[in-house]
Amino acid sequence: MSVAGDAITFEIDAQELDELYTLAEGRHNPKRQAGIPTNFTPPQGGVESDFIGLKGEAAVAKYLKVEYSRELMLGGDGGVSDLDYLGHTVQVKTTFYPNGNLLFNELHDFEADFAFLCWTRVDIPYVNILGWIDRVDFLRWHHTRDFGYGIRYYIDQEKLFPVRSFLPYIKSLIKGDQP
């Protein structure tokens, strides 16, 4: 783990990368074979999208010291939660774009308590965790934009809370303090 600015970077070793890619194929291929359409436009939407998503989940799970799901889910996770942390649900969104936004197709897709934004590419062995936000603040501060495939709901990554503030925030919630 290393820290640069507000981002935290997690290295992923070759063995775990292989496992994540195999899991990505196991999640992606049956969906296409079953005729389940992708919500993405090329170059996204292939097994690579599943792979970078899993890399993001693995990195945030390492940061939180929790496990991520290795299940093969034909219908996806339903948008509810990728991780559970001390009784709170967490969604992880991972982008190919270094300046990408935390993005949801629909407002109701943000059902977890918190969301993290990560950045990585298929060809690199690390993930930058860029920031986080709670659902209430996302609903309050989000913007809408058509990125070329319909209206999406997003927040700029610069508006996310610093990664290092998440654990103290959760501890304050558990203790009943006002953050």
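## Helix α2

How far does helix α2 reach from its first C-alpha to its last? In this predicted model, α2 covers residues 47-64 and spans 26 Å, close to the 26 Å expected for its 18 residues at 1.5 Å a residue. An α-helix has 3.6 residues a turn, so residues three or four places apart point the same way. With that in mind, take a look at the surroundings of α2: 16 of its 18 residues are buried, so the helix is largely enclosed by the rest of the structure.

Right after α2 comes K65, whose phi is positive, about 60 degrees. Most residues other than glycine have a negative phi. K65 is not a glycine, yet takes the positive value all the same. You will find K65 in the loop between α2 and β3. Is K65 buried or exposed? K65 counts as exposed because its relative accessibility is 75%, and exposed begins over 50%.

## The whole protein

Stepping back, the protein has four helices and nine strands. Followed along the sequence, they come in the pattern β-β-α-α-β-β-β-β-β-α-β-β-α.

The protein has 179 residues, of which 44% count as buried. Its exposed area is about 9,500 Å², and carbon and sulfur atoms supply 52% of that. How do contacts link parts of the sequence? Taking contacts between residues at least 6 apart in sequence, 64% join residues that are at least 24 apart.

## Strand β4 and its partners

Strand β4 (residues 88-95) is a good place to continue. Seven of its eight residues are buried, so β4 is largely enclosed by the rest of the structure. Strand β3 (residues 83-85) runs antiparallel to β4, and three bridges join the two. Here Y85 stands opposite H88 of β4. With strand β6 (residues 114-119), β4 runs parallel, and six bridges join that pair. Across this pairing, Q91 stands opposite A115 in β6.

The hairpin of β3 and β4 has two residues between the strands, and L86 takes a positive phi there. The value for L86 is near 50 degrees, in a residue other than glycine. L86 sits in the loop between β3 and β4 and counts as exposed, at 53% relative accessibility.

## A three-stranded sheet

Which strands form an open sheet, and in what order? Three strands do, in the order β5-β9-β8, with antiparallel pairing. The edges are β5 (102-104) and β8 (143-146); each has a single partner strand, so one side of each is left without a neighbour in the sheet. From one strand to the next, the twist averages 40 degrees.

Three bridges hold the antiparallel pairing of β5 and β9. In that pairing, L103 stands opposite Y154 in β9.

The loop between β4 and β5 holds N99, which counts as exposed at 64% relative accessibility. N99 and L130 are 31 residues apart in sequence, and their C-alpha atoms are 9.9 Å apart in space.

## Aromatic rings

How many aromatic pairs does the structure hold? There are 16. A pair of aromatic rings is described by the distance of the centres and the angle of the planes. For W132 and F161, the centres are 4.8 Å apart and the planes make an angle of 40 degrees, a tilted pair. W132 belongs to strand β7 (residues 126-134), while F161 is in the loop between β9 (151-155) and α4 (166-175), so this pair ties together parts that are 29 residues apart in sequence.

The two partners can also be described by their accessibility. W132 is buried, with a relative accessible area of 2%, whereas F161 is partly exposed at 24%. Ring pairs also link a cluster made up of Y63, Y85, F114, F116, W132, W141, F161, F166 and Y169. Y85, one of the cluster residues, has already appeared above as the residue opposite H88 in β4.

Terms used
Residues numbered from 1 in each chain as written. Predicted model: local features only at pLDDT ≥ 70, side-chain atom pairs only at ≥ 80, totals over all residues. Heavy atoms only, no water. Expected span 1.5 Å × (residues − 1). Buried < 20%, exposed > 50% of the residue type's maximum accessible area, 1.4 Å probe, protein only. Phe/Tyr/Trp six-rings, centres within 6.5 Å; stacked < 30°, edge-to-face > 60°. Pairing = 2+ DSSP bridges. Axes fitted to C-alpha atoms, helices over the stretch in contact; angles between N-to-C directions. Contact = heavy atoms within 4.5 Å. Areas by Shrake-Rupley, 256 points an atom, 1.4 Å probe, with all protein chains shown as cover.
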